[in-house]
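I opened this entry to keep a record of what I looked up, going from the chain as a whole to its interior and then to the aromatic rings.

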Amino acid sequence: LSQVKLSELPSYEIGMEAGMQQGMQQGEVTLLVRLIEKKFGPLEPQTTQKLETATIEQLEQWASNILEANTLEELFARH
């Protein structure tokens, strides 16, 4: 048992990948919150929750929208 390398187990790799994905998503949320607050001011709790529960695809779309959006509604609109 002492010769088993955890890093070679499939479950270890799956866990590491999931952790990296979660870390990337949290980083995108943090950056997007900062950008939105800089442009539109403090966020309402429901907006923060929307960002925290979004998929990476949604976060990326909203990040693309930030430069052209004049309101939060425009930011979150699908383009």
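I began with the contacts between residues at least 6 apart in sequence, and found that 54% of them join residues at least 24 apart. I note here that the model is a predicted one.

For the secondary structure I counted 4 helices and 0 strands, so that the order of elements from the N terminus reads α-α-α-α. I then looked up burial and surface: 22% of the 79 residues count as buried, while the accessible surface comes to about 6300 Å², with 54% of it belonging to carbon and sulfur atoms.

Next I turned to the interior, where the largest nonpolar core has 13 residues, and those with the most contacts inside it include Leu32, Leu51, Trp62 and Leu75. I traced the sources of this core and found that helix H1 (10-40), helix H3 (56-65) and helix H4 (72-76) each supply at least two residues, the largest share, 4 residues, coming from H1.

I followed Trp62 further: leaving aside neighbours within four places in sequence, Trp62 is in contact with Leu32, Lys50, Leu51, Ala54, Leu75 and Phe76. Both Trp62 and Phe76 are buried.

How many aromatic pairs are there? The count comes to 1, and I recorded the ring centres of Trp62 and Phe76 as 4.7 Å apart with the planes at 85 degrees, which is over 60 and therefore makes the pair edge-to-face. Trp62 lies in helix H3 and Phe76 in helix H4, 14 residues apart, so the pair links distant parts of the chain. Last, I looked at the ring of Phe76 again and found the charged end of Lys50 sitting over it, 4.3 Å from the ring centre.

Notes
Residues numbered from 1 in each chain as written. Predicted model: local features only at pLDDT ≥ 70, side-chain atom pairs only at ≥ 80, totals over all residues. Heavy atoms only, no water. Core = buried A, V, L, I, M, F, W, Y, C linked by side-chain atoms within 4.5 Å. Buried < 20%, exposed > 50% of the residue type's maximum accessible area, 1.4 Å probe, protein only. Contact = heavy atoms within 4.5 Å. Phe/Tyr/Trp six-rings, centres within 6.5 Å; stacked < 30°, edge-to-face > 60°. Lys NZ or Arg CZ within 6 Å of the ring centre and 35° of its normal. Areas by Shrake-Rupley, 256 points an atom, 1.4 Å probe, with all protein chains shown as cover.
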